[in-house]
Amino acid sequence: MANKVYAFLGPHASGKASMVSQLMSMGVHYIPTITTKYFDDRYAYKRRLYQTIKSNEFKPADYIVQSEYQGNKYGLRKNDVLESYQKHKVSIMIMMDVEGIKKISKFINQDLITISLMIDDVVFVDRMLRAGCTNDEIKYFMEYADQNKEFDNYKSTDFVVKNTSTPRAALEQILAIMGLVTLVPQKEFDQLVK
């Protein structure tokens with residue numbers, strides 16, 4: 001089996017961080033996103049997924065993928081991606097946009113599998129409200145997603161997981177896509193993901 005990298009893409013509140021966190025807790029290797037953004041206590045769970053660095057430490061030449069969002073830089077380091085691809089049978093990452101997929105695929109073309117997490121407007125607003133977002137924040141994220149066609153990202157990915165039900169249902173679909181649905185002893189599972 002060739003080493004595979006699964007990239008998750010979706011609009012704000014689509015569940016990328018939740019799904020990746022679940023997979024990490026199962027032992028799946030994660031390629032971190034580097035950012036200049038600091039996550040406050042409301043988004044403290046994202047501190048596990050995003051490595052925050054100072055703006056002057058973000059050197060564009062070190063990154064395969066880089067983007068800017070709300071004045072903060074985000075990227076995937078070349079070394080992190082290539083090392084993960086070489087050392088782990090299964091790795092996961094969060095993508096910021098479709099352009100990032102195009103750049104990563106130049107390095108690991110046939111072994112990159114993209115998964116779009118799809119939500120509808122009702123779920124989007126509900127999740128934002130439960131996260132404690134204000135109406136202005138919800139409006140901003142909705143407009144941003146519409147302007148940047150984030151709800152259409154699924155057209156550029158290999159698989160689509162409609163994440164409008166329970167997190168468990170979405171996770172089960174993702175595990176099936178990744179070929180990790182067969183129950184195996186923990187030692188065997190550890191070998192599959194390392």
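Is Leu112 buried or exposed? Leu112 is buried, at 9% relative accessibility, where buried means under 20% relative accessible area, exposed means over 50%, and partly exposed is what lies in between (1.4 Å probe, protein chains only). Before going on, keep in mind that this is a predicted model, so local features need pLDDT of at least 70 and side-chain atom pairs count only at pLDDT 80 or more, while totals for chains, interfaces and linings use all residues. Residues are numbered from 1 along each chain as its sequence is written, and side-chain values use heavy atoms, with hydrogens and water left out.

Let's stay with Leu112 for a moment. The residue sits in strand 8; helices (H or I, at least four residues) and strands (E, at least two) are DSSP runs, numbered from the N terminus. Setting aside neighbours within four places in sequence, Leu112 touches Val5, Ala7, Ile101, Ile104, Ser105 and Asp158, a contact being heavy atoms within 4.5 Å. Asp158 is 46 residues away along the chain, and its C-alpha atom is 9.3 Å from that of Leu112.

Now step back to the whole fold. The protein has seven helices and nine strands. A compact globule of 194 residues would have a radius of gyration near 16 Å, and the protein agrees, at 16 Å; the radius is taken over C-alpha atoms, and the globule rule is 2.2 Å times the number of residues to the power 0.38. Along the principal axes, the C-alpha trace spans about 50 × 40 × 30 Å. Of the 194 residues, 46% count as buried. Look at contacts between residues at least 6 apart in sequence, and 70% of them join residues at least 24 apart.

Strand 8 belongs to a sheet, so to speak of its setting we turn there next. The sheet is open and has five strands in the order 2-7-1-8-9, with parallel pairing; two strands pair if DSSP finds at least two bridges between them. Strands of a sheet pair through backbone hydrogen bonds, either parallel or antiparallel. At the edges stand strand 2 and strand 9 (159-162), each with a single partner strand, so one side of each has no neighbour in the sheet. Further in, strand 1 and strand 7 run parallel and are joined by five bridges. One residue to pick out is Phe8, whose bridge partner in strand 7 is Ile94.

Phe8 also leads into the packing. The largest nonpolar core has 41 residues, and those with the most contacts inside it are Tyr6, Phe8, Leu23, Val28, Ile92, Ile174 and Met178. Such a core is a set of buried Ala, Val, Leu, Ile, Met, Phe, Trp, Tyr and Cys residues joined through side-chain atoms within 4.5 Å. Elements giving two or more residues to this core include strand 1 (4-9), strand 7 (90-94), strand 8 (112-118) and helix 4 (121-130). Helix 6 gives the most, with six residues. Met178 is in contact with Tyr6, Leu23, Val28, Val90 and Ile92, leaving aside its neighbours within four places in sequence. Apart from the largest core lies another, of 15 residues, and Leu112 is among them, as are Ile64, Val65 and Met95.

Helix 1 is worth a look too. Seven of its ten residues are buried, so helix 1 is largely enclosed by the rest of the structure. The buried ones are Lys16, Ala17, Met19, Val20, Ser21, Leu23 and Met24. Their cover includes strand 1, strand 2 (29-30), strand 7, strand 8 and helix 6. After the helix comes Gly27, with a positive phi near 100°.

Last, the aromatic rings. Rings of Phe, Tyr and Trp (its six-membered ring) pair if their centres lie within 6.5 Å; planes under 30 degrees apart count as stacked, over 60 as edge-to-face and the rest as tilted. That rule gives seven aromatic pairs. Phe58 and Tyr63 are stacked, because their ring centres are 4.2 Å apart and their planes are at 5°. Phe58 is buried, at 5% relative accessibility, and Tyr63 is buried at 5% as well. Tyr69 and Tyr144 make an edge-to-face pair, 4.6 Å centre to centre with 75° between the planes. That pair links distant parts of the chain, with Tyr69 in strand 5 (residues 63-69) and Tyr144 in helix 5 (residues 135-147), 75 residues apart. Tyr69 is buried at 12% relative accessibility, whereas Tyr144 is partly exposed at 21%. Ring pairs link these two with Tyr140 and Phe141 into a cluster.
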